[in-house]
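Here is a friendly walk through the nonpolar packing and the ring contacts of one protein model. Have a look at it first, and then we can go through the details together.

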Amino acid sequence: VTGPKRVPLVLHWHSDVIRQKMLMRFYGPLLQNRLLSRADRIVVATPLHLTHSRWLGPYRDKVTVIPFGLELDRFQPTPSLLARAEHFRQGARRRGRKVLLNIGRLVSYKGQRYAIEAMKKLDAELWLAGDGPLRQELQTLAAACGVADRVKFWGEVSDDDLPALLHACDIFVFPSITTNEAFGLVLVEAMACGKPLVACELASGVPYVCSNEVNGLTCSPADTESLVHAVKRILDDSKLSERLARKGLERAGGEFSASAMVARTLDLFSNLTAPASRK
């Protein structure tokens, strides 16, 4: 499985195994530890992947951080994209409300229920883009909370409309509540559109992408009041909102671009294959 020992092995570690605990009783000692021992470098997407990992500690000297990167050109604010965004937010603008956006499957660990509950204490509109098995349950919850008129379920969104939705919102809200959420690439997409973030303080890479008080605010997971507080701070403070958005735009282009990821990866491979590194 690991190839000849003279060939450098780079292992990309996206996340610890979270749900399949029974499998880990066999997979961990029989395969995973052998693979970690054999690897010359272990690549993680954020420093927090190492900090919170149950397994990587003994191999920390091998760990290299290379954040995931995206092609960001599609999020550039072209006139046609901004016109589409303005079309989407016309209703909210007419009603004098700011827009909170979440993009993701409607499943339990994504935590959309807490965003819906938060709407009882927020003068804003919540857009949920994506579909999933909890859609009916979340619609029922919105009605029970008395906020159904301010929660819009977009369903599946096309690749063309997604950047426009991101440009149309005021805050990107990411209420995922478990470490199943290991990074959150959609956070980078929101940053590339110049949006401040609100995300949960998870034991994963999410708080690295949404860095508290840098390009977003973090709140306690599964805590509606904490989410309300973070969102209100941004809604009520335009200078804070602008600062977080500006820093997010900088980080997206400098730290989370595809070109940065490729350059770091090539540098890692070059160092591994240099004659001195093979001695």
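What follows covers the cores, then the aromatic pairs, then the charges over rings.

This is a predicted model, where local features need pLDDT of at least 70, side-chain atom pairs count only at pLDDT 80 or more, and totals for chains, interfaces and linings use all residues. Residues are numbered from 1 along each chain as its sequence is written, and side-chain values use heavy atoms, leaving out hydrogens and water.

A nonpolar core here is a set of buried Ala, Val, Leu, Ile, Met, Phe, Trp, Tyr and Cys residues joined through side-chain atoms within 4.5 Å; buried means under 20% relative accessible area, exposed over 50%, partly exposed in between (1.4 Å probe, protein chains only). The largest such core has 69 residues, and L101 and F172 are among those touching the most other members. A second, separate core has twelve residues, including W13 and I42.

There are six aromatic pairs (Phe, Tyr or six-membered Trp ring centres within 6.5 Å; planes under 30 degrees apart are stacked, over 60 edge-to-face, the rest tilted). Two edge-to-face examples:

| Pair | Centre to centre | Angle between planes |
|---|---|---|
| F88 and W154 | 5.2 Å | 75° |
| Y208 and F256 | 6.4 Å | 80° |

F88 is buried at 12% relative accessible area. Y208 is partly exposed at 22%, whereas F256 is buried at 0%. Ring pairs also link F68, F183, Y208 and F256 into a cluster.

Two of these rings carry a charge above them (NZ of Lys or CZ of Arg within 6 Å of the ring centre and within 35 degrees of the ring normal). The charged end of K152 lies over W154, 3.8 Å from the ring centre, and that of R251 over Y208, at 5.3 Å.
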